[in-house]
Amino acid sequence: MAGGADATTPSMAGMPGMVMPSVFAGIPAGRESSGTAWQPDATPMFGHHLMLGDDWMLMTHYNVFAAYDEQSGRRGDSQLHSVNWAMLMAERQDAENKLTLRGMFSLEPWTTTKRGYPLLFQTGEAYRGRPLIDRQHPHDFFMELSGTYRRALAADATAFLYVAPSGEPALGPTAFPHRASAMVNPMAPISHHWLDSSHISFGVVTLGGSTGRWQIEGSAFNGREPDEDRWDIERPTLDSYAGRLSFNAGANWSLQVSRGYMASPEELHPGESQHRTTVSAQHRRGFAGGGQLATTFAWGVNRAGGNGTEAYLIESAWETGEKLTIFGRGERVQKTGEELGLNPRAEKFAIRQLSVGGSYELTPQGPVAVALGGAVSYSFKPGQLDAAYGKRPVGAWVFVRISPGKKM
Ligand SMILES: [Cu+2]
């Protein structure tokens, strides 16, 4: 880690021998997560760092799964694939100004195919003019291209501007690929399109301000979900808006409430617009031996044309120490017959999905962490869906995960 006690070294609070987090006008570096979202201050961020000249700190971060995934029943499928992303970040700051440039990339259009990977009850986005059902769509190659300028107004107050041809508006909790409670889990939440699916929006401008533990922000953004050409940067429009209030209570809690309007989010239903409201709490608890327990609680509702559907999520990742990680997630999501490709189309089906898994790190001392893991998911749904999904829909995963090592 070049730069030593440089003000931009990452947060590794509570780890003996590690550099304490830098703070810019009341904002600890560990608080900043995907887009302009906040996470608990004490969240450690493991990555590789390098100083470029005296002013620029470069950081890379990545999360790569290679997995075999099998989902039961006639709507299920199996696939060998890779869920992945890598981030490059460049940052410079002085006492009053901080500039952050971020590029995040995913090869999923290639490694999970443009049809995405099998995941029972997952819905959202489209492929070849048909909705993706029981599959998680691939993330776009340009997951994020953004610049954030933050200016200190007082000792603990800032104003900021975030501009992104591809990025995340002020809506929802930290996006699941980037939050500590989900990063060790290869499965996407089936509540993704109720909470954080706007994390790849082609065109985002966010203005906001922070004071102490509070942040308020507003975005204008492109409400249309990415199309099936996953390699391009789509034409930005700012036809939608969102606002979010975040509050970091102590070092271990991050709370947010947000609301957004998305103009014509779905390419297959261009006449429909949507309102989304989300509330979430992210918690992190560190343990003496270096382990941590990260948990997210979230609730979201989508409303379109007077009709609403809701989602609840709770998920945890427990890194027990150097090697063993255990994770789990429980969700309850209302999906319509239309979303699931079933009749009656207007009916709301309550789907519950529970998943548990674990991984074991093979290289605990290395600069790159390689872990072997497995997971299972169980879905519970109304009996009416037996014909489509079978009585007990299950999914099973085995995977290898590659991420930055915790010892650097
Ligand atoms: Cu996503």
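Q: Strands here are DSSP runs of E, at least two residues long, numbered from the N terminus. Given that, in which strand is Thr325 found?

A: Happy to start there, with the reminder that this is a predicted model. Thr325 belongs to strand S18, which covers residues 324-336.

Q: How should I read its accessibility: is Thr325 buried or exposed?

A: The idea is a cut-off: under 20% relative accessible area means buried. Thr325 has a relative accessible area of 7%, so it counts as buried. Leaving aside neighbours within four places in sequence, Thr325 is in contact with Val184, Trp318, Glu319, Gly357, Gly358 and Ser359.

Q: Gly358 appears in that list. Which residues does Gly358 touch?

A: Gly358 sits in strand S19, residues 348-361. Not counting residues up to four places away in sequence, Gly358 touches Thr325, Ile326, Phe327, Leu372, Gly373, Gly374 and Phe399. For a sequence-versus-space comparison, take Gly358 and Ala375: they are 17 residues apart along the chain, and their C-alpha atoms are separated by 6.5 Å.

Q: Zooming out, how many helices and strands are there in the chain?

A: The chain has four helices and 21 strands. Its radius of gyration is 20 Å, close to the 22 Å that the globule rule gives for 408 residues, so the chain is as compact as a globular protein of that length. Along the principal axes, the C-alpha atoms fill a box of roughly 60 × 45 × 35 Å.

Q: What percentage of the residues of the chain count as buried?

A: Of the 408 residues, 56% count as buried. The chain exposes about 16,100 Å², with carbon and sulfur atoms supplying 62% of that area. Contacts add another view: among those between residues at least 6 apart in sequence, 61% join residues at least 24 apart.

Q: Which residues have the most contacts inside the largest nonpolar core?

A: The general idea is that in soluble globular proteins, nonpolar side chains tend to be buried together. In this model the largest nonpolar core has 15 residues, and Tyr117, Phe327 and Trp397 have the most contacts inside it. Strands S4 (56-71), S7 (117-127) and S21 (394-404) are the elements that give two or more residues to this core. Apart from it lies another core, of 13 residues, among them Phe121, Ile190, Ala311 and Val333.

Q: With which residues is Trp397 in contact?

A: Beyond its neighbours within four places in sequence, the contacts of Trp397 include Ala67, Tyr68, His81, Tyr117, Pro186, Met187 and Gly373.

Q: Now the metal: which residues coordinate the copper ion?

A: A donor has to be an N, O or S atom within 2.8 Å of this metal, and water is not among the atoms, so sites may look incomplete. Here the copper ion is coordinated through NE2 atoms of His139, His192 and His199, at 2.0 to 2.1 Å. The spacing of these donor residues in sequence is H-x52-H-x6-H. Both His192 and His199 are buried.

Q: Why does Glu217 count as buried?

A: The same kind of cut-off applies: Glu217 has 5% relative accessibility, so it counts as buried. Glu217 lies in strand S12, residues 214-221. Its side chain makes polar contacts with the side chains of Thr36, at 2.6 Å, and Gln215, at 3.4 Å. Including the residues beyond four places away in sequence, Glu217 touches, for example, Thr36, Phe160, Thr206 and Arg244.

Q: And Asp227: where is Asp227 found?

A: Asp227 is in the loop between S12 and strand S13 (240-247). With a relative accessible area of 26%, Asp227 is partly exposed. Asp227 touches Asp140, Asp232, Glu234 and Glu267, not counting residues up to four places away in sequence. By contrast, Asp227 and Arg285 are 58 residues apart in sequence and 38 Å apart in space, C-alpha to C-alpha.

Q: Last topic, the backbone: which residues does a cis peptide bond join?

A: Omega is the angle to read, and it is about -10° for the cis peptide bond that joins Asn343 and Pro344. Pro344 is in the loop between helix H3 (337-340) and S19.

Q: What is phi of Glu125 near?

A: Phi of Glu125 is near 70°, a positive value in a residue other than glycine. Glu125 lies in strand S7 and counts as buried, at 9% relative accessibility. Asp134 also has a positive phi, near 60°. Asp134 is found in strand S8, residues 130-136, and at 6% relative accessibility it counts as buried.

Key:
Residues are numbered from 1 along each chain as its sequence is written. This is a predicted model: local features need pLDDT of at least 70, side-chain atom pairs count only at pLDDT 80 or more; totals for chains, interfaces and linings use all residues. Side-chain values use heavy atoms; hydrogens and water are left out. Donors are N, O and S atoms within 2.8 Å of the metal (3.2 Å for Na, K and Ca); water is not among the atoms, so sites may look incomplete. Buried means under 20% relative accessible area, exposed over 50%, partly exposed in between (1.4 Å probe, protein chains only). A polar contact is a pair of N or O atoms within 3.5 Å; within protein, one must be able to donate a hydrogen and the other to accept it, and residues adjacent in sequence count only if both atoms are side-chain atoms. Contact means heavy atoms within 4.5 Å. The radius of gyration is taken over C-alpha atoms; the globule rule is 2.2 Å times the number of residues to the power 0.38. Accessible areas come from the Shrake-Rupley method with a 1.4 Å probe; for residues, only the protein chains shown count as cover. A nonpolar core is a set of buried Ala, Val, Leu, Ile, Met, Phe, Trp, Tyr and Cys residues joined through side-chain atoms within 4.5 Å.
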